[in-house]
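Dear colleague,

Please find below the structure that I am handing over to you. I would be grateful if you could read the notes that accompany it.

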Amino acid sequence: MALDQSYIGRSYPPSKPYEVGREKIREFADAIGDQHPAHRSTAAAQALGYDDVIAPPTFAIVVSARVGSQVVFDPELGLDYSRVVHGEQRFVHARPICAGDRLVGVLTVDNIRAAAGNDILSTRVEISTEAGEPVATAYSTLVARGPERQS
Amino acid sequence: MGATVDYDDVEVGTELPAAAFALHRADLVKYAGASGDFNVIHWNQRVAQSVGLPDVIAHGMLTMAEVSRVVTDWAGDPGSVVEYGVRFTKPVVVPDDESGATISVGAVIGAKLEGRRVRVDLTASAAGEKVLAMARAVVQLA
């Protein structure tokens with residue numbers, strides 16, 4: 001069941017702002033077992049030259065996945081999320097995400113293809129502050145595994 | 001901004017301290033809550049097996065995050081990671097038992113780049129299989 005290729009190149013309007021909280025950063029750092037003080041203490045982050053606590057590099061997924069859900073859960077695209085596994089992920093950071101940031105994301109569908117019975121969806125989310133300062137770009141490839149082939 | 005490693009002190013081939021990270025079911029639930037990724041294959045064995053997986057698997061993003069700690073712990077400043085990408089080659093299966101899964105991580109300086117940046121090439125395996133490919137981080141050093 002191939003996905004609708006007409007989605008390729010589609011861009012979505014900027015998402016509603018996501019406000020990055022200090023406690024959310026701490027919770028995320030705890031969940032990945034990262035004890036670095038810059039994720040917990042404003043003073044420690046400032047000693048490294050940042051305004052406030054900074055998020056771990058992969059925290060950008062919290063923002064980009066919310067933005068990406070516009071297409072991932074679009075019923076008209078028809079991606080079966082229980083069959084989805086992550087194929088590839090890449091982040092390019094202009095600067096670390098910082099507590100207090102109000103981030104918006106612009107989602108673009110870079111590619112849709114079928115390979116070996118799987119549907120493969122590649123997206124890009126450009127994350128910036130509400131004021132328009134670029135923060136990070138998240139490139140994601142999701143693979144919806146096809147049903148097991150009959151032998 | 002505040003990496004503690006000096007660009008002039010590293011060479012291509014320099015190895016970063018290796019590490020191993022244990023993952024249990026509780027870690028997957030915790031990551032689901034923290035990240036907002038509640039895909040059932042990361043916590044429900046019945047559904048995971050119904051879609052053809054051997055068992056519950058870890059979020060790829062959790063593996064990616066755990067592996068990045070080898071880089072951020074080394075660099076001293078987690079904000080010094082300017083680029084980080086991976087390809088997920090095998091799922092990390094996390095059985096519902098005391099030992100869970102273990103991800104073993106290796107890292108080596110793959111290239112010295114302009115602007116006092118380096119590329120760190122990473123490897124990660126679990127249960128004897130490579131779980132990541134093309135895992136690379138670009139780090140801004142002092």
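The notes below take up chain B and then the contact between chains A and B.

Please bear in mind throughout that this is a predicted model.

Chain B

Chain B contains three helices and six strands. Read from the N terminus, its elements follow the order β-α-α-α-β-β-β-β-β; the three helices thus come after one strand and before the other five. Along the principal axes, the C-alpha atoms of chain B occupy a box of roughly 50 × 30 × 25 Å. The chain has 142 residues, of which 42% are buried. If one takes the contacts in chain B between residues at least 6 apart in sequence, 66% of them link residues at least 24 apart.

The contact between the chains

Chain A and chain B each bring 36 residues to the contact. On the side of chain A that touches chain B, at least two residues come from each of α1 (22-31), α3 (60-72) and β2 (84-93). Of these, β2(A) provides the largest share, with ten residues. Sorted by class, this side of chain A comprises 18 nonpolar, ten polar and eight charged residues.

The strand β2(A) also pairs across the contact. Its partner is strand β2 of chain B (residues 81-88), and the two run in the antiparallel sense over five bridges. Which residue of β2(B) is the bridge partner of A:Glu88? That residue is B:Arg87.

With kind regards

Notes. Residues numbered from 1 in each chain as written. Chains lettered and ligands numbered in written order. Predicted model: local features only at pLDDT ≥ 70, side-chain atom pairs only at ≥ 80, totals over all residues. Helix = DSSP H or I, 4+ residues; strand = E, 2+ residues; numbered from the N terminus. Buried ≥ 20, exposed ≤ 12 C-beta atoms within 10 Å, placed from the backbone. Contact = placed C-beta atoms within 7 Å. Nonpolar A, V, L, I, M, F, W, Y, C, P; charged D, E, K, R; others polar. Pairing = 2+ DSSP bridges.
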